[in-house]
Amino acid sequence: MTQLLEAAPSFLRTDENIVDSRPKLVEMKGVVKTFPGVKALTDIHLTLHQGEVLGLLGENGAGKSTLMNVLGGIYKPDSGSVYINGEEVHFDGVLAAQEAGIAFVHQELALEPFLTVAENIFIGREVKNKAGLVSQREMETQARPFLRMVGLDVDPQMMVNSLSMGQQQMVEIAKALSLNSRVIVLDEPTSSLSENEVENLFQIVRKLKTQGMGIIYISHKMSEIFDLTDNVMVMRDGCYVDTVPTSNTTEDELVHLMVGRDVENYYYRTYNEPGDAALELRDFACGPWEKPVNLTVRQREIVGVYGLIGAGRSELFETVMGLRNGGSGTVLVHGNEIGARDPVRMQQHGLAYVPEDRKTQGLFLFGDVMFNTSIASLGDFISWLRVNERKEKEIVVNAIETLNIKVSSPQTRVGTLSGGNQQKVVLGKWLATKPEILILDEPTRGVDVGAKAEIYKIINELAAQGVAVVFISSELNEVMNMSDRLAVMREGEIAAVLSRDEFNQDVILKHALG
Amino acid sequence: MKNGIDLLDRVGEVPVAGSVSKFIKQNLGILIGFATLLVFLSIFADNFLSWANMVNLMRSVSTNAILAIGVMLSIMLAGIDLTCGALVALSGVVAVLSLNNFGLPLPLAIVTGVIIGVVVGLLNGLVIAYTGIHPFVVTLAMQSICRGAAYLAAGGQPVTARNTAFTALGNGYLGPIPLPVVYMIVLFFLLYLLLNKTRLGRHIYALGGNPTAAKYSGINVVKVKVFVWAVSGLLSAFAGVVLASRMSSGQPTAGVGYETDAIAAAVIGGTSMYGGVGRAGGVFIGVLIIGMISNGLNLLHVNSFWQYVIKGIIIIVAVYFDMRKNKGNVRTGF
Amino acid sequence: MKNGIDLLDRVGEVPVAGSVSKFIKQNLGILIGFATLLVFLSIFADNFLSWANMVNLMRSVSTNAILAIGVMLSIMLAGIDLTCGALVALSGVVAVLSLNNFGLPLPLAIVTGVIIGVVVGLLNGLVIAYTGIHPFVVTLAMQSICRGAAYLAAGGQPVTARNTAFTALGNGYLGPIPLPVVYMIVLFFLLYLLLNKTRLGRHIYALGGNPTAAKYSGINVVKVKVFVWAVSGLLSAFAGVVLASRMSSGQPTAGVGYETDAIAAAVIGGTSMYGGVGRAGGVFIGVLIIGMISNGLNLLHVNSFWQYVIKGIIIIVAVYFDMRKNKGNVRTGF
Amino acid sequence: GSSGSSQSNSGSSSSSIKLGYVPSTMNNPFWQAILDGVNEQIDGKDVSVQSVDPQADQSKMNDMVGDLIASGVNAIILGPYDTTGVQPALQAAADANIPVINIDTPVDAQDLVKTVVASDNEKAGALVAADMKKKLDKGSQVAVVNCPAGQACIDRLNGFKAEAGDYFDIVQELDGKGELSVSLTLTEDILQSNPDVKAIFGVNDPMALGAVQALAAHPEMSGVLVYGVDGSPDGKKAIKDGTMTGTGAQSPNQIGKKAAQAALDVLDGKTVEKNIVVDTFLITKDNVDEYGTDGWQ
Ligand SMILES: Nc1ncnc2c1ncn2[C@@H]1O[C@H](COP(=O)(O)OP(=O)(O)OP(=O)(O)O)[C@@H](O)[C@H]1O
Ligand SMILES: Nc1ncnc2c1ncn2[C@@H]1O[C@H](COP(=O)(O)OP(=O)(O)OP(=O)(O)O)[C@@H](O)[C@H]1O
Ligand SMILES: [Mg+2]
Ligand SMILES: [Mg+2]
């Protein structure tokens, strides 16, 4: 077999920088995949060795997830071949890929809401007892070690629909681990995890590595790439660019490979004298904790909100927006107390909430980019049976240009966009409403470095124009660099509000952990 | 970012727009099916294309057409309205009774019949919006209630309208065109405007496409739902009053199973049961197809038992065709 | 995360579990409704609690119970099966005809009737799985086809079974218990096993809860769908043959609208039309409630017109109750 | 026989005379039997018949009459579902100069039909009541399985009640929807709530047969009498077996034959009687053999 591989045509420009004598677990050659109107993958090569952590890097829409979906048996490639342990394989479904030893944590959560954590972990491979019947108890017992491994402290009998996003992400990881596979694909597994959980995950990955497992790791967070990977493969516009050993490269070089130009400044932040209080929470309590929260956000100010997964950040602001029932205490907008809170009224008061889960909360996947970007600001161009098409076009073109959304036309269906580009569409929708108070819940989830910088720039400009911004994030670097003040949440309450000169990683984490 | 101009050029192909070519493009699958049926019947069924038969066909589809508009809207919200058939009976009975027994003047009697529909529709909408019970269940239960109410109001017997002017509503003409056909055309035009030229229309698409995202987008979810079911109730009731006028009697047994044909027309016309997808023109053609099947098969002297079989097959084939041609609109899942 | 204890408290709402206390906990809403109805009828309807009436009640719900099992499975996949009523007619006619005309021995004739159902169900499942057309449309069209086929096979007239042994299938007893009741109990037990103790059952929950996740988890989506509709077809046909045996004739008009009662029972019993949620015990109680409404109202000498109204109201109230008590299981959306 | 459906299907446009047959529904064997009678009458003649199925819906019937007119039938044999609501259809036929032969239930607008060929439905109900009176004591409990959606059924019940007067105690009246399986369940409930019931009147034979099936499971109530109206083959079989007591028989065959003949006569320019009454009569165990159990009479 090895013989055969070495005899492959020499024009295949694979991995010439990498000399690795370890056996090859996965090899993909000349993979091509087209969707109607989009060439997602052009002649892609990939090699993964035993015990290797291969980073996969590229802008939003570069084709990373598509490539992994080919490896995971979800898409069939138009041409090209896939080898596992040197043997060519043709997966006709997820099951075949699983059986060949490939586990997959998808970019978008894919769990069963009405099954328990244990059932989700063993779905498709349910544990049977001697009578050939599925055994609930046995599954729960077997699930526990995996949950402990990922550090998720929930009962395996709990239904998944009652977990927070971050917790669900951990379940996904536990599920992938339980497959005992030889290859694990992690497609942006940390996009809704915070430092602590990320570190935990990294330890797991390092352990798996020593056991000879191969790991493909996709992330837009450069620090993670440098922390974890042995080699990095870079893709651009569906094409293979290069593979470099991590130890021999720099962040700037990788970014250059990814976007084809230099990006100098990530964090745009000019500081302004804050104005009047725009949003005030007074003894506002919600969620299972019911602990009172006090917070003031002023005009021209960016207030970061940091916390571990399940700390209640999303829950707090969703309740404020009236997107969740409950919540006691006072909410003031521009000094006026808001009586009944519902999303329609809050929007009329000038608030906008960019939700964290783009797929379920943000997007109309079967509508096009135009529909999605304009849906929250219809009043600007429709009145009395007249649709001002010029204005409508302006809105969408504006979003596409300022956020650099990669689409072939405004009529592209949002469901076919890459994850990062979908995230930009959600942002575009809310920016079009010209909010006075902007609440961003993980706005850069899954967004590539270049685009992140652009988003930071936009947020900065908005603040300069007088918008009050709440910036919820699980990425410490991000909130530390972008915020004027930082609220650290823990179990439903604000553990501390730090001003910029008090920002310090250890202090913040101490408050977050309690 | 120099491709702004590029983009603006390509913005032209708005999904919601009016011209004939767009209509054809959007409804290609169903139009092919329609044309096939039309050509087939023109050749094999004598008299199919005669003016008399065309008038007869259009008048006979008008009830289903009016119901299909409301049902289509409910389906676009990934819901359904099963109350419409029973409401046809109830509103007809109520209109005739208020004419006969309460001596209301004709226009008022007609309005009373229609208001019953609005009330029932509002109830449906409010229960659906506030309790979270699936529309299928709510409107099914309401169907049972309305049917019972129709029987009770009418005392189990048809009630004959004593005011002969009442019959004009359903049997009159505007020039050479029967009034029910006029109603149908006007209502379809209004549907077109609603879906393409109003905010509410966009909100319907949005709410049907993703209810959670609609809520997060600041759409008044309750309002949209209540509107849709209330309109559907109104239309069913209007259709029921017109039907009662055509028969000059209110029949508590009228409209049994009408919801089925209305759903079939909406779905053949490209409305997706998963919500968020639907076109006014498509539904109109769907209505015509459903009408042509039974008119055509009768003209072709096909035994009524075979008609059941053929109708079932045509429905599946037509929906399949429409889906193939509009692949983009098809959700995964089923 | 020291609040692990907190979490443990909320664990109660497991969808699959065995003991009586869990059964009560899971079906609390519906059980309260059931008990209310039971107490009410015991007090006001003479004879309601008599052994004879209980036997009578159980026998009369058996058809709906058997249909409800299949319909419930289809609803759990966020689909539906509207073919079942027409299939009751078709299978009954086919079984009697193959007994009369083709002289098949009794067991073979029964099997033939049931096989018709499996074939129809397989067709439904395959079309649904491969074309992506919504189950509502597919099974509606198939309903029309089956109804037509039943008329055609029977020549529009009821066909009387000449073999008197045939009637034992539906009219016989096992000890004091009528056979249809025995079938019902056995089938519900099998349903319980399927949903709680087999992989396939887990896959049904999964596919209904989140089809994408199911696919990513390597579940054979086509297989699950085909299985569910085939089983539903099988059960409908079996119910049809039993009913034909009880009537000692195959009636092409039988089973009109039976799907409605089956759906109502499934939904009252806590099956969610959004898919992914359903409990065998709940559906059984749902079936009993639907049966008790009409049995009880008949015993109370309530006029059949009022029965329509009351039935509609009870359905909404019962579903509402069940939803309030099982909030955790309710999806947002409608 | 059930050959009617295939014959009606074979109507070809080469026939010189085409008749349209409009029953109120084909979901009831009665209407199939009338069609069989029509077919018998025109057998061997250069006449074809085309049938439609309005499915017990007057507005559908009106539309289908429109279809028939468009397809060029020469005369229409029509059994209305609603006697008033049928008027637009009759008017359309009159406008197209197509004669209508009214069967089963007389329409309101008598001037728009050439003749009425109908059973005496009230008499059928009265005959049942009369026979019941002979067999039961005054004050006996009687239950009715009705089908209030159909005019013919309403007439039968009216006839029954007029003849019965206050002789019986009518304890329950339920909607059996004209259907055997529905009536089966209803009767079971009736037997529970009225253990002393002495007779059940099914307003058509299928509903009476449902009662028969329900009683079969209650040997202790074998004395309960069951009556129907129709005289269907299955009904007669049950009478012969002794499980059903009697039926107020109609003769759909005769209705069909006479209607077809009337249509041909009208087309020939002959005058026909305005009212052709087809007698109804009681069939019990005593006379069931005269009529046979293979088909309708
Ligand atoms: N099912 C599909 N239909 C059509 N186009 C698709 C489909 N899936 C992906 N694409 C397109 O293929 C390209 C690559 O997408 P992919 O999801 O692989 O990007 P990615 O590198 O994972 O990006 P991100 O970092 O944003 O997740 C994009 O242009 C996307 O629009
Ligand atoms: N100890 C707990 N008890 C009950 N519910 C909890 C607990 N921990 C987490 N949750 C769940 O987590 C939710 C809070 O998560 P939320 O999404 O608001 O957190 P977050 O800080 O935004 O974190 P994430 O990164 O996970 O989104 C609550 O709604 C609750 O359902
Ligand atoms: Mg991706
Ligand atoms: Mg969050």
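## Aromatic pairs and a nonpolar patch

Counting over all chains gives 20 aromatic pairs. One of them brings Y353(A) and Y216(B) together, with ring centres 6.1 Å apart and planes at 35°, so this pair is tilted. Keep in mind that this is a predicted model. Below are a few of the ring pairs, then a patch on chain C.

**The pair between chains A and B**
- The Y353(A)–Y216(B) pair crosses between chains: Y353(A) sits in strand β16 (residues 351-354) of chain A, while Y216(B) belongs to helix α11 (residues 211-216) of chain B.
- Both partners, Y353(A) and Y216(B), are buried.

**Ring pairs elsewhere**
- Over in chain D, F30(D) and W31(D) make an edge-to-face aromatic pair, at 5.4 Å centre to centre and with 85° between the planes.
- F30(D) has a relative accessible area of 4%, so it's buried, and W31(D) counts as buried at 4% relative accessibility.
- There's also a cluster, in which ring pairs link Y151(B) with F305(C) and Y308(C).

**The nonpolar patch on chain C**
- On the surface, V20(C), F23(C), I24(C), L28(C), I32(C), I313(C), V317(C) and F321(C) come together as a nonpolar patch, and their accessible area adds up to about 640 Å².
- Helices α2 (20-26), α3 (28-44) and α15 (304-325) of chain C each put at least two residues into that patch.
- Take V20(C), one of the patch residues: you'll find it in helix α2 of chain C, and at 61% relative accessibility V20(C) counts as exposed, since the cut-off for that is over 50%.

Key:
Residues are numbered from 1 along each chain as its sequence is written. Chains are lettered from A and ligands numbered from 1 in the order in which they are written. This is a predicted model: local features need pLDDT of at least 70, side-chain atom pairs count only at pLDDT 80 or more; totals for chains, interfaces and linings use all residues. Side-chain values use heavy atoms; hydrogens and water are left out. Rings of Phe, Tyr and Trp (its six-membered ring) pair if their centres lie within 6.5 Å; planes under 30 degrees apart count as stacked, over 60 as edge-to-face and the rest as tilted. Helices (H or I, at least four residues) and strands (E, at least two) are DSSP runs, numbered from the N terminus. Buried means under 20% relative accessible area, exposed over 50%, partly exposed in between (1.4 Å probe, protein chains only). Patches are made of residues with over 30% relative accessible area and no salt bridge: like charges are joined within 9 Å, nonpolar side chains (Val, Leu, Ile, Met, Phe, Trp, Tyr) within 5 Å. Accessible areas come from the Shrake-Rupley method with a 1.4 Å probe; for residues, only the protein chains shown count as cover. A salt bridge is a side-chain nitrogen of Lys or Arg within 4 Å of a carboxyl oxygen of Asp or Glu.
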